[in-house]
Amino acid sequence: MIKGTLTVKKEIIFHIAFWIIWLYFNMTSMDINGAVSFKKGLFPWTSLVVNMATFYVNYLVVLPKVFKPFDWKKSSSGLIVLLLFFIGFRYFIEQFISLLLFDKQNYYNHNIAYYVYDNLYFAVKPILLSTIFWLIVFMIRLLEYNKIILGENKNTEIKFLKAQINPHFVFNTLNNIYSMVYFKSEKSLPAIEKLSQIMRFTTYETQKEKIKLQDEINYIQAYIELEQLRHQEHAFIHFHTEIENENIEIPPYILSPLVENAHKHGIASNEKPIEIQLKVSTQKLIFISQNEIGTQKKDKLGGIGLDNLRKRLEIYYPNCHSLNLTNQNNRFIAKLQICFR
């Protein structure tokens, strides 16, 4: 178990504070004038030693074993061991050592059955308090540990989702560029430049937690221009933007998958262009893409998938986003809304 914010040093300080409180309530007395003094005699101090020993046998030995993992049999066995330890150690200190050193005993003219019965009551206090203390420390560290694990899982999932870039897009684009170069097309150099811009984005920008909104827009524009270079028609995607705040930052690949999806699964031509709108204010982002639905079977959404996009939205904008996908008259509409807190 990690120590986290509750370090060993802090834990020791809490123990010291605990025993100061214990001493005040169990080792002191108050007279009628309100004066506080330590209890006189030998046995209040031997009782302190027995209670501390039982407390730490439970705290350091029994409870860690009982909760690795928790088991009722181990718990019952641990309780019996602690009771026997308390009774046996107290008998050794107060009936044997005190008699040997100070010629005093805490119990006189008693039988063993009465001694065991009487000390079962006194043993409850250190066992119960040490268990409560240990559980509080354990729960604090467990919550911090779970928080760290959740954070690591979140980062791992984000990296995994970002890594799911569709290789088919790159391969197909390279094949098209190869054809352009082979036939000495004037489109070949601009296509290489746009592919380089896209690869630069997927290599460097996607490694960041968040990027500027304009970087995502530049990627989308490069993607559109590259697709246009691969086709004869140059106006099959209409991309409109209204941005009030250019300083907004978003996670990479939050908007572009919807553009890739519209192109890969839709019909795009001058007569039936893909319509994309982006409106951004300080409080909200609205992204809408519309396309005629094609019948051809194509690759899954830009290699990143709608499921992938939904997971990333849930991670980055829990309870603060909506992604609605509708089909109206053979026209596919994707509407994404994100609220900025």
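This report describes a pocket, the salt bridges and the aromatic contacts of one structure. The structure is a predicted model.

**The second largest pocket**

The second largest pocket has a volume of about 340 Å³. Its lining consists of 18 residues, and those nearest the centre of the pocket are Asn-26, Ser-47, Asn-51, Phe-122 and Lys-125. Four elements give two or more residues each to this lining: α1 (8-26), α2 (43-66), α3 (72-102) and α4 (112-163). Sorted by class, the lining of the second largest pocket has ten nonpolar residues, four polar residues and four charged residues.

Two of the residues nearest the centre of this pocket, Phe-122 and Lys-125, also take part in contacts between a charge and a ring. Arg-90 lies over the face of Phe-122, at 5.1 Å from the ring centre. Lys-125, in turn, lies over the face of Trp-22, at 5.5 Å from the ring centre.

**Salt bridges**

Side chains of opposite charge can pair when their charged atoms come close. The whole structure contains four salt bridges. Three of them are listed in the table, including the bridge formed by Arg-90.

| Salt bridge | N to O distance |
|---|---|
| Arg-141 and Glu-11 | 2.9 Å |
| Arg-90 and Glu-94 | 2.8 Å |
| Glu-225 and Lys-194 | 2.5 Å |

The side chains of Arg-141 and Glu-11 meet in a salt bridge. Because Arg-141 belongs to helix α4 and Glu-11 to helix α1, this pair ties together parts that are 130 residues apart in sequence. Arg-141 counts as buried because its relative accessibility is 9%, below the cut-off of 20%. Glu-11 likewise counts as buried, at 13% relative accessibility.

The salt bridge between Arg-90 and Glu-94 lies within one helix. Both residues are in α3, four residues apart, which is about one turn of the helix. Arg-90 is buried at 9% relative accessibility, and Glu-94 is buried at 0%.

A further salt bridge joins the side chains of Glu-225 and Lys-194. Glu-225 is in helix α7 (residues 213-230) and Lys-194 is in helix α6 (residues 188-204), so the pair ties together parts that are 31 residues apart in sequence. Here the partners fall into separate classes of accessibility: Glu-225 counts as partly exposed at 32%, whereas Lys-194 is buried, with a relative accessible area of 18%.

**Aromatic pairs**

A pair of aromatic rings is described by the distance of the centres and the angle of the planes. The structure holds 26 aromatic pairs. One of them is the edge-to-face pair of Phe-55 and Phe-133, with 6.2 Å from centre to centre and 80 degrees between the planes. Phe-55 is in helix α2 and Phe-133 is in helix α4, and the pair links distant parts of the chain, 78 residues apart. Both Phe-55 and Phe-133 are buried.

Phe-67 and Trp-134 form another pair, which is tilted: the centres are 5.0 Å apart and the angle between the planes is 35 degrees. Since Phe-67 lies in the loop between α2 and α3 and Trp-134 lies in helix α4, this pair ties together parts that are 67 residues apart in sequence. Phe-67 counts as partly exposed at 26% relative accessibility, while Trp-134 counts as buried at 11%.

Ring pairs also link several residues into a cluster, namely Phe-18, Trp-19, Trp-22, Phe-55, Tyr-56, Tyr-59 and Phe-133. Trp-22, a member of this cluster, is the residue whose ring face lies under Lys-125.

How values were computed. Residues are numbered from 1 along each chain as its sequence is written. This is a predicted model: local features need pLDDT of at least 70, side-chain atom pairs count only at pLDDT 80 or more; totals for chains, interfaces and linings use all residues. Side-chain values use heavy atoms; hydrogens and water are left out. On a 1 Å grid over the protein atoms alone, a cavity is a set of points where a 1.4 Å probe fits but cannot get out, and a pocket is an open set with protein on both sides within 12 Å along at least five of seven lines; lining residues have an atom within 4 Å of a point. Grid points are joined across faces, edges and corners, and a volume is the space filled by probe spheres set on the points. Ala, Val, Leu, Ile, Met, Phe, Trp, Tyr, Cys and Pro count as nonpolar, Asp, Glu, Lys and Arg as charged, and the others, Gly among them, as polar. Buried means under 20% relative accessible area, exposed over 50%, partly exposed in between (1.4 Å probe, protein chains only). Rings of Phe, Tyr and Trp (its six-membered ring) pair if their centres lie within 6.5 Å; planes under 30 degrees apart count as stacked, over 60 as edge-to-face and the rest as tilted. A charge sits over a ring if NZ of Lys or CZ of Arg is within 6 Å of the ring centre and within 35 degrees of the ring normal.
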